[in-house]
Amino acid sequence: MTSTTTLPIAMPAQHRERLLRLAREVSFPPGARLFEEDRPADRFWIVRTGTVVLDIRVPDGRNAAVESLGHGELLGWSWHFPPYRWHQGAEALSPVRAWEFDAKTVLTTCAEHPEFGRAIASWVGQVVADRLQKTRIRLLDLYAPHGSGILP
């Protein structure tokens, strides 16, 4: 899985290395909830192995899956924007290994190293745009009169 939003493609090597120096390795079993919509967002992850499903609350009270994430992908972007609350939920679909980052530490490093900060902001912005588009299409598939999440 390599898209323009995965870490190896989205960020130059020197900034990737600086970011990864701030990481700690974590793992999650299948079914673990990593975060819940509208809760405080104080960390984020880069998936190393496994699959994480992003979901949103829908009108009938359940969570609807909107996207699956895998190797090299950013899990969580709400830590980057006030009010720092999750916009979606996330659950491990399979055993997951990831690098975990403390948001405050990364944001402080961004402020101390503006070029790094711009690289992080650009990467996170690309991820947000990509996720919003995928969520929109998924919701059209679920709720539009004729499905049709595909644009004409």
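This is a guided tour of a predicted model, giving at each stop what to select and what is there.

**The whole chain**

Begin with the whole chain in a cartoon view, where four helices and eight strands can be picked out. Following the sequence from its start, you pass through the pattern α-α-β-β-β-β-β-β-β-β-α-α. If you then colour the chain by accessibility, the buried residues make up 42% of the 152 residues. Contacts can be shown as well: among those between residues at least 6 apart in sequence, 74% join residues at least 24 apart.

**The nonpolar core**

Next, select L19, W45, L75 and I120, which are the residues with the most contacts inside the largest nonpolar core, a set of 39 residues. Add helix α4, residues 114-143, to the selection, since this helix gives the most to the core, with seven residues. Now centre the view on I120 and display its surroundings, where, leaving aside residues up to four places away in sequence, I120 touches M11, L19, W79, H80 and C110.

**Helix α3 and its two sides**

One of those partners, C110, leads on to helix α3, which covers residues 103-112 and in which A103, V106, T109 and C110 are buried. Turn the model until you look down the axis of α3: the buried residues fall within an arc of 130°, so they line one face of the helix. In general, an α-helix has 3.6 residues a turn, so residues three or four places apart point the same way. On the face of α3 turned away from the buried side, select K104, A111 and E112, which are exposed.

**Strand β5**

Move now to strand β5, residues 63-69, and select E67, which is found there. Is E67 buried or exposed? E67 has a relative accessible area of 9%, and because the cut-off for a buried residue is under 20%, E67 counts as buried. Its contacts, again without residues up to four places away in sequence, are with V52, V53, L54, D130, R131 and K134.

Stay in strand β5 and select A64, which also lies there. The relative accessibility of A64 is 2%, and this residue counts as buried. With a distance drawn from the C-alpha atom of A64 to that of L54, the viewer should show a separation of 8.4 Å, although the two are 10 residues apart along the chain.

**The cavity**

L54 is also one of the residues that line the largest cavity, and the count of cavities of 30 Å³ or more comes to one. To see its walls, select F35, L54, G76, W77, S78, W86, H87, Q88 and R131. About 60 Å³ of space lies inside this cavity, and, sorted by class, its lining has four nonpolar, four polar and one charged residues.

**Strand β7**

From there, go to strand β7, residues 89-92, and select E91. At 30% relative accessibility, E91 counts as partly exposed. Not counting residues up to four places away in sequence, E91 touches G31, A32, R33 and L34, together with T51, V52 and V53. Select P29 as well and compare the two kinds of distance: E91 and P29 are 62 residues apart in sequence, and their C-alpha atoms are 9.5 Å apart in space.

**Backbone details**

The last stops concern the backbone, for which a general point is helpful. Most residues other than glycine have a negative phi, and most peptide bonds are trans.

Where, then, does P83 lie? P83 is in the loop between β6, residues 74-75, and β7, and the peptide bond that leads from P82 to P83 is cis, with omega near 10°. In the loop between β6 and β7 you can also select Y84, a residue other than glycine with a positive phi, near 60°. Y84 is partly exposed, with a relative accessible area of 35%.

Finish at D38, in the loop between β2, residues 33-35, and β3, residues 43-49. D38 also has a positive phi in a residue other than glycine, with a value near 70°, and at 45% relative accessibility D38 counts as partly exposed.

Key:
Residues are numbered from 1 along each chain as its sequence is written. This is a predicted model: local features need pLDDT of at least 70, side-chain atom pairs count only at pLDDT 80 or more; totals for chains, interfaces and linings use all residues. Side-chain values use heavy atoms; hydrogens and water are left out. A nonpolar core is a set of buried Ala, Val, Leu, Ile, Met, Phe, Trp, Tyr and Cys residues joined through side-chain atoms within 4.5 Å. Buried means under 20% relative accessible area, exposed over 50%, partly exposed in between (1.4 Å probe, protein chains only). Helices (H or I, at least four residues) and strands (E, at least two) are DSSP runs, numbered from the N terminus. Contact means heavy atoms within 4.5 Å. The arc is that of the directions from the helix axis to the C-beta atoms. On a 1 Å grid over the protein atoms alone, a cavity is a set of points where a 1.4 Å probe fits but cannot get out, and a pocket is an open set with protein on both sides within 12 Å along at least five of seven lines; lining residues have an atom within 4 Å of a point. Grid points are joined across faces, edges and corners, and a volume is the space filled by probe spheres set on the points. Ala, Val, Leu, Ile, Met, Phe, Trp, Tyr, Cys and Pro count as nonpolar, Asp, Glu, Lys and Arg as charged, and the others, Gly among them, as polar.
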